[in-house]
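Student: Could we go through this model together, one question at a time?
Tutor: Yes, and each answer will end on the value or name that was asked for.

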Amino acid sequence: MITKAIFQVFLYSSLLFDYGAAFTSLKSVSRGVKLHQSTTKDVATASNFLAEAVRTRAADSEEIIETLLNLEKQMRDKSKNNKKVAESTLKNLTGSWRLIFTTGEMKTQKKIGKINYVPIKAVQEFDVSTSSIANGIYIGDFPIVKFFGEFQWIEKMRKTNFDFDQIAVFGLKFDLPPPKTERKVPPFFSWILIDENIAVARGGGGGLALWGRI
C-alpha cells in the first residue's frame, strides 16, 4: 500500500505539472463540456458551489469542470486593469491546501484512467513570507513523501513559478540533484481564484485543479 502511494505522488504530480509543456490540455479538458452562458455562475456562486464540492465530494464532475472553466474566464476578465485581484490572490495563498479535484492531462488519463476527485491525501503548502512551497502525499497526518522548494510570484499573470530542491521520504530529508538540463518552462500554477475556503489554478501541464484549505 505504501509503495503504491509513493508511486502515486509522481502520477498525481503529472496531473498538474508536466515540466515540458504548458496549457497543452486546454482543448482536451473543454472537449465535450459545452459552456452555456445562461447557466454561468457568478464568481461568488461558483466559489460557494466549489466549496461545497470540496466539503462533500458529491458534486457532479462535469458541472465542476464547467464551473472551473467559466470561473477561469470570469477571473481573467475581472483581473484586467484591476491590481486588487492579484493582491488578493497572493494574500490568500499562504496556508495548507488539500488537492480535491483535477481534470488531469490526457497522457496521464491514458496511464491510470480518468481522474476527477483525487482519492489520496495530496497537500500543497505555501508561505508567502518565505516564498516556500511544499508538496506531500499523506497517510493520515503523516507525510510519506514530501517535496520542498521555493516559488516566484509573477503578479501580472497571477502565477507562481516553482521548483523543488529537497525531498523527505518517511521523514528523512535529502537534497535533490539539480536537473541535467535547464527547463525551458519551469513548473507553475496560474491561479484563477484563492479565497478563504478554496484555491483554483491551472498547472503547467494544462490541468485544472481545485484545492480546499485545511
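**Burial, packing and backbone**

Tutor: In this predicted model, Asn161 counts as buried because its relative accessibility is 12%, which falls under the 20% limit for that class.

Student: In which strand is the place of Asn161, and which residues does Asn161 touch, not counting residues up to four places away in sequence?
Tutor: Asn161 has its place in strand 5, which covers residues 159-169. Leaving aside residues up to four places away in sequence, the residues that Asn161 touches are Glu150, Phe151, Gln152, Ile154, Pro186, Pro187 and Phe188.

Student: Phe164 is found in strand 5 as well; is Phe164 buried or exposed, and how many Å apart in space are Phe164 and Gly149, C-alpha to C-alpha?
Tutor: Phe164 has a relative accessibility of 13% and therefore counts as buried. Although Phe164 and Gly149 are 15 residues apart in sequence, their C-alpha to C-alpha separation in space is 4.0 Å.

Student: Which residues have the most contacts inside the largest nonpolar core, and which strand gives the largest share of this core?
Tutor: The largest nonpolar core has 25 residues, and those with the most contacts inside it are Phe126, Phe151, Phe189, Trp191 and Trp211. Five residues, the largest share of this core, come from strand 4 (residues 142-154).

Student: How many residues are in the second, separate core?
Tutor: This second core includes Val43, Ala46, Phe49 and Ile64, and it is separate from the largest one. Its number of residues is 22.

Student: At what angle do helix 3 and helix 4 pack, and how many Å apart are their axes?
Tutor: Two packed helices are described by the angle between their axes and the distance between the axes, so both values are needed. The crossing of helix 3 and helix 4 is left-handed. For helix 3 (residues 43-56) and helix 4 (residues 61-79), the angle is about 145° and the axes are 10 Å apart.

Student: Which residues meet in the contact of helix 3 with helix 4, and how do they divide into nonpolar, polar and charged?
Tutor: From helix 3, Val43, Ala46, Phe49, Leu50 and Ala53 take part, and they meet Glu63, Ile64, Thr67, Leu68, Leu71, Gln74 and Met75 of helix 4. By class, the residues of this contact are nine nonpolar, two polar and one charged.

Student: What is the phi of Arg57, and where is Arg57 found?
Tutor: Most residues other than glycine have a negative phi. Arg57, which is not a glycine, has a positive phi of about 55°. At 31% relative accessibility Arg57 counts as partly exposed, and its location is the loop between helix 3 and helix 4.

Student: Arg158 is not a glycine either; where is Arg158 found, and what is its phi?
Tutor: Arg158 lies in the loop between strand 4 and strand 5. With a relative accessible area of 9%, Arg158 is buried. Its phi is positive, at about 50°.

Student: What is the relative accessibility of Gly207, and how many Å apart in space are Gly207 and Thr103, C-alpha to C-alpha?
Tutor: Gly207 has its place in the loop between strand 8 (198-203) and strand 9 (208-213). Its relative accessibility is 0%, so Gly207 counts as buried. Gly207 and Thr103 are 104 residues apart in sequence, whereas in space, C-alpha to C-alpha, they are 5.5 Å apart.

Key: Residues numbered from 1 in each chain as written. Predicted model: local features only at pLDDT ≥ 70, side-chain atom pairs only at ≥ 80, totals over all residues. Heavy atoms only, no water. Axes fitted to C-alpha atoms, helices over the stretch in contact; angles between N-to-C directions. Helix = DSSP H or I, 4+ residues; strand = E, 2+ residues; numbered from the N terminus. Left-handed = near helix turned anticlockwise from the far one by under 90°. Contact = heavy atoms within 4.5 Å. Nonpolar A, V, L, I, M, F, W, Y, C, P; charged D, E, K, R; others polar. Buried < 20%, exposed > 50% of the residue type's maximum accessible area, 1.4 Å probe, protein only. Core = buried A, V, L, I, M, F, W, Y, C linked by side-chain atoms within 4.5 Å.
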